[in-house]
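This report goes through selected local features of one protein model. Please keep the sequence and the 3D view open while reading.

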Amino acid sequence: MRKKLLFVINNLHCGGAENSLISLLQQLDYTKYDVDLLLFQKEGFFLKNVPQEVRVIGPIEEFTYFDGSFAKAVIKAFFRLRFDIILTKFKFLSFKKIQNPAEREQRFWYYLKICLPKLKGNYDVAIGFLEKSPNYYIVDKVDAKKKMGFIRTDYEAMGMIQSIDEPYFEKLDFILANSTNAENSLKKLFPQFIPKIKTIENFFSPETLHAMAEEKIDDVKSELTLVSVGRLHPAKGYDLAIEACKIIKEKGIDIKWYIIGEGGERPELERLIQENNVMDNFILVGLKENPHPYIKMADLYVQTSRFEGKSRAIEEAKIHQKPILITNYPSASDQIQHLQNGCIVEMNGNAIAEGILHLHADNELKIKLISNLQNTLVDNQKQLKVLYDLID
């Protein structure tokens, strides 16, 4: 008899976790498993890539009340006699003053879960594929013999609240990191759960990524074309990137630096772009469901992060065999071996600019990096075996 699996994630927009989930679903053994996928919001670029063997559940109607207009949501809830939602909606307003979005989501779940119904049915294994709400949901709202939840970032660096997660981690059978650094962070902060902390790295489909890279885009190359992929958030260090862009421009180099992503830091970044006079050079493209044509077009892929779990964007740049430069955040060496498959520089504007200029000018080094990346194999089977062992 096939085991019943449930995967839970917010949506299937173009993010690292979502991409990894689709790659996993495309490789699962459906002779062994019946698979349901629950989406809080049934939307996103990758929705069309869900294998036909997977039954998609969702959206969860209650989540729609917390997007968009406050007044429309309250009126809609009133006419449906959902006074619990109205009270929770008012509470939601008070949580907006919490600056850290991760903490805000953690704290709000206490009130949101009251509005959510339990999921119908029973499962052998339920897997929250992203930290916070998906993990909380499988603990509070799903009947399953075994429960696992992913933490896809450096927990400590994200500034999440341990006391909120501890009772949920207690109820999970396994806590899944996606990198050695993320695993070590969890073990440091939650030593009582060390036996249940495991690592399953991201899943990839190189064929899909190469096909996506063939899409035509209007943006143009320049003498030096860079791309970075990630949400507009202080963790990504785009303020450092703007400083580096200004330094490179002042050396007389025609540079275009495309930033693929969206987020709450846009107004501050737009101010810095104006202040540093790089309006024509540092381009906030916004959220693109398919960033791969930009990676293909770029001379270099650059990641200026202050911290990461295991960056999917870097792994995808490797698959596209692009010279990569990243800052020396704590987990940098998990993905890049300096001068072997990329370059690691110090976390400041000057060092980033100097590293970019050196890598761009040194053709011998670029050829070496690209050659090494060509010899790198994507091995999903190892990660699949780890997952299968935990499931079975």
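The sections below cover salt bridges, helix packing, a nonpolar surface patch and some backbone details.

The model is predicted, and local features are reported where pLDDT is at least 70. Side-chain atom pairs are held to a stricter limit, pLDDT 80 or more.

## Salt bridges

Side chains of opposite charge can pair when their charged atoms come close. In this model the count comes to 25 salt bridges. Three pairs are set out in the table.

| Pair | Closest N to O distance |
|---|---|
| Lys118 and Asp143 | 3.2 Å |
| Glu268 and Arg271 | 2.7 Å |
| Glu315 and Lys318 | 3.1 Å |

Which parts of the chain does the salt bridge between Lys118 and Asp143 tie together? Lys118 sits in the loop between helix 5 and strand 4 (122-128), while Asp143 belongs to strand 5 (residues 143-151), so the pair connects parts that are 25 residues apart in sequence. Lys118 is partly exposed at 47% relative accessible area. Asp143 is also partly exposed, with a value of 34%.

The other two pairs in the table each lie inside a helix. Glu268 and Arg271 are both in helix 12 (residues 266-275), with a spacing of 3 residues, or about one turn of the helix. Glu268 has a relative accessible area of 34% and is partly exposed. Arg271, at 41%, is partly exposed as well.

Glu315 and Lys318 are likewise 3 residues apart, here in helix 14 (residues 312-319), and about one helical turn separates them. Are the two residues of this pair buried or exposed? Glu315 is buried, because its relative accessible area of 14% is under the 20% cut-off. Lys318 has a relative accessibility of 12% and therefore counts as buried too.

Salt bridges also link residues into a network, made up of Lys3, Lys32 and Asp392.

## Helix packing

Two packed helices are described by the angle between their axes and the distance between the axes. Helix 5 (residues 101-115) packs with helix 8 (residues 162-171) at an angle of about 55°, and the two axes are 9 Å apart. Helix 5 is therefore oblique to helix 8. The crossing of this pair, helix 5 and helix 8, is left-handed.

How are helix 11 (residues 238-250) and helix 12 arranged? Their angle is about 15°, with a distance of 10 Å between the axes. Helix 11 is therefore roughly parallel to helix 12, because angles under 35 degrees are classed that way. Helix 11 and helix 12 cross in the right-handed sense. Helix 12 is also the helix that holds both Glu268 and Arg271.

## A nonpolar surface patch

Ile75, Phe78, Phe79, Leu81 and Phe83 make a nonpolar patch of about 580 Å² on the surface. Which helix gives the most to this patch? Helix 3 (residues 70-79) does, with 3 residues. Another member, Phe83, is found in helix 4 (residues 83-95). Phe83 has a relative accessible area of 42% and is partly exposed. That value of 42% is compatible with patch membership because patch residues need over 30% relative accessible area.

## Backbone details

The peptide bond between Gly58 and Pro59 is cis, and its omega is near 5°. Pro59 lies in the loop between strand 3 (55-57) and helix 2 (61-64).

Positive phi values in residues other than glycine include those of Lys132 and Asn277. For Lys132, phi is about 70°. Lys132 is placed in the loop between strand 4 and helix 6 (133-141). With a relative accessible area of 9%, Lys132 is buried.

Asn277 has a phi near 55°. Where is Asn277 placed? The residue is in the loop between helix 12 and strand 10 (282-286). Asn277 counts as partly exposed, with 43% relative accessibility, whereas Lys132 is buried.

Technical notes: Residues numbered from 1 in each chain as written. Heavy atoms only, no water. Patch = residues over 30% accessible without salt bridge, like charges linked within 9 Å, V, L, I, M, F, W, Y side chains within 5 Å. Areas by Shrake-Rupley, 256 points an atom, 1.4 Å probe, with all protein chains shown as cover. Salt bridge = Lys/Arg side-chain N within 4 Å of Asp/Glu carboxyl O. Helix = DSSP H or I, 4+ residues; strand = E, 2+ residues; numbered from the N terminus. Buried < 20%, exposed > 50% of the residue type's maximum accessible area, 1.4 Å probe, protein only. Axes fitted to C-alpha atoms, helices over the stretch in contact; angles between N-to-C directions. Parallel < 35°, antiparallel > 145°, perpendicular 65-115°, else oblique. Left-handed = near helix turned anticlockwise from the far one by under 90°.
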